[in-house]
Amino acid sequence: MKAFNKNPSGLLAALFAVIIVFLGATLYEQGIISDEFYLKLLSAVQGNVTETSELEVHFIDVDQAECILIKTPEKTVLIDAGDIGYERKIENYLRTNGVFAIDLFIATHPHADHIGSASGLLKKFPVSEVIIPEIPEEFLPTTSLFEEFLLTLSFKNCKVSYAEIGKTFDLGNGISIEILGPAGYSGDNLNNYSVISKLTFGETSFLFTGDAEEEAELLLIDSGADISCTVLNAGHHGSSTSNCELFLKAASPEYAAISCGYNNDYGHPHKEVLSAFKDFGIDYYRTDFDGSIVFYSDGKNIKVSAKK
Ligand SMILES: [Zn+2]
């Protein structure tokens with residue numbers, strides 16, 4: 001009550017913003033207002049509902065799948081969208097964290113554990129831009145899930161582009177994300193088409209590799225990309241088919257985050273990878289034990305928050 005008496009206009013403005021956001025979300029979900037209008041509405045009130053002053057990277061606990069939220073004071077990026085049936089969980093997580101619109105959605109590759117809930121989320125949130133990997137037609141999946149994803153994209157009022165090496169997105173506040181890969185893979189393993197991106201803020205950086213396996217990791221090194229990073233999104237849920245020694249050496253992260261489900265069928269993360277992380281002095285976290293993992297960066301230092 002004290003705060004209310006001290007600054008009643010600030011509190012009223014915040015309350016008004018929250019009412020507008022929820023009213024807007026309802027109208028948007030019912031198709032009464034367009035993506036564009038909802039986005040404008042959100043950007044008009046965002047200052048009142050978002051208090052982040054630093055970069056946040058959330059490895060959301062979605063069991064044996066992946067979903068990463070990047071939040072800057074100005075923009076929101078989502079990398080992958082968990083498996084089928086996780087729309088509600090991810091939606092709740094995003095809304096609880098003050099996310100009402102997504103500026104950039106990166107679908108690393110078209111496997112169910114990465115795009116499973118993408119269509120559902122794309123229907124619930126306004127999205128400005130979507131990046132997908134370019135995969136030769138003969139290797140494109142014919143699953144109903146992938147077809148639904150493409151159909152949702154075609155109805156969505158957003159820009160859809162193939163991952164283009166070197167393309168950089170300005171996320172405001174000196175934070176940017178650059179596309180580094182896939183770097184020249186042309187075989188039939190969809191994992192190796194994973195979009196690889198690097199997020200940079202000051203002296204800190206994060207490398208996201210989806211399910212890229214050793215062959216793609218080596219192609220990335222050969223491409224000359226700067227893959228050094230502070231935090232590595234462990235490749236392919238910590239599988240030993242990814243995270244090869246040369247790659248870990250070149251990336252030389254301080255931390256790694258592993259998206260994996262408790263007691264999963266694949267045995268992820270593999271023991272060899274965990275022991276390599278230890279040998280390289282990489283402090284790792286895993287969603288099966290630690291729940292959702294959040295890294296905070298002020299451009300110099302990294303803080304980690306993980307709880308279950
Ligand atoms: Zn996966």
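Two strands count as paired here if DSSP finds at least two bridges between them. By that yardstick, strand 1 and strand 14 (residues 293–297) of this predicted model make an antiparallel pair held over 5 bridges. Within that pairing, His58 sits opposite Val294 of strand 14.

Strand 1 also has a partner in strand 2 (residues 68–71): the two run antiparallel and are joined by 4 bridges. Here Val57 faces Ile70 of strand 2. As for its surroundings, strand 1 covers residues 55–59, and 4 of these 5 residues are buried, so the strand is largely enclosed by the rest of the structure. The cut-off behind that call is 20 or more other C-beta atoms within 10 Å of a residue's own.

Moving one strand along, strand 2 is linked to strand 3 (residues 76–79) by 4 bridges, again in the antiparallel sense. Ile68 has Ile79 of strand 3 as its bridge partner.

These pairings belong to a wider arrangement. Reading across, the order is 6-5-4-3-2-1-14-15, which makes an open sheet of 8 strands with mixed pairing. Strand 6 (159–162) and strand 15 (302–306) are the edge strands, each pairing on one side only. On average, neighbouring strands of this sheet are turned by 15° against each other, direction ignored. In general, strands of a sheet pair through backbone hydrogen bonds, and they can do so parallel or antiparallel.

Ile68 turns up again in the packing. The largest nonpolar core has 79 residues, and Ile68 is among those with the most contacts inside it, along with Val77, Ile90, Phe105, Ile106, Val231 and Ala257. Both domain 1 (1–49) and domain 2 (52–306) give residues to this core, so the core lies between them. Leaving aside residues up to four places away in sequence, Ile68 touches Val57, His58, Phe59 and Ile60, as well as Ile79, Asp80, Phe208 and Asn233. Val57 and His58 in that list are the residues already met opposite Ile70 and Val294, while Ile79 is the bridge partner in strand 3.

A last stop is Ser252, found in the loop between helix 9 (245–251) and strand 12 (255–258). Is this residue buried, exposed or partly exposed? Ser252 has 14 C-beta neighbours inside 10 Å, so it counts as partly exposed. Along the chain, Ser252 and Gly281 are 29 residues apart, and their C-alpha atoms are separated by 9.0 Å.

Terms used. Residues are numbered from 1 along each chain as its sequence is written. This is a predicted model: local features need pLDDT of at least 70, side-chain atom pairs count only at pLDDT 80 or more; totals for chains, interfaces and linings use all residues. A residue is buried if 20 or more other C-beta atoms lie within 10 Å of its own, exposed if 12 or fewer, and partly exposed in between; C-beta atoms are placed from the backbone. Axes are lines fitted to C-alpha atoms, for helices over the stretch in contact, and angles run from 0 to 180 degrees between N-to-C directions. A nonpolar core is a set of buried Ala, Val, Leu, Ile, Met, Phe, Trp, Tyr and Cys residues joined through C-beta atoms within 7 Å. Domain bounds come from an automatic or database domain assignment. Two residues are in contact if their C-beta atoms, placed from the backbone, lie within 7 Å.
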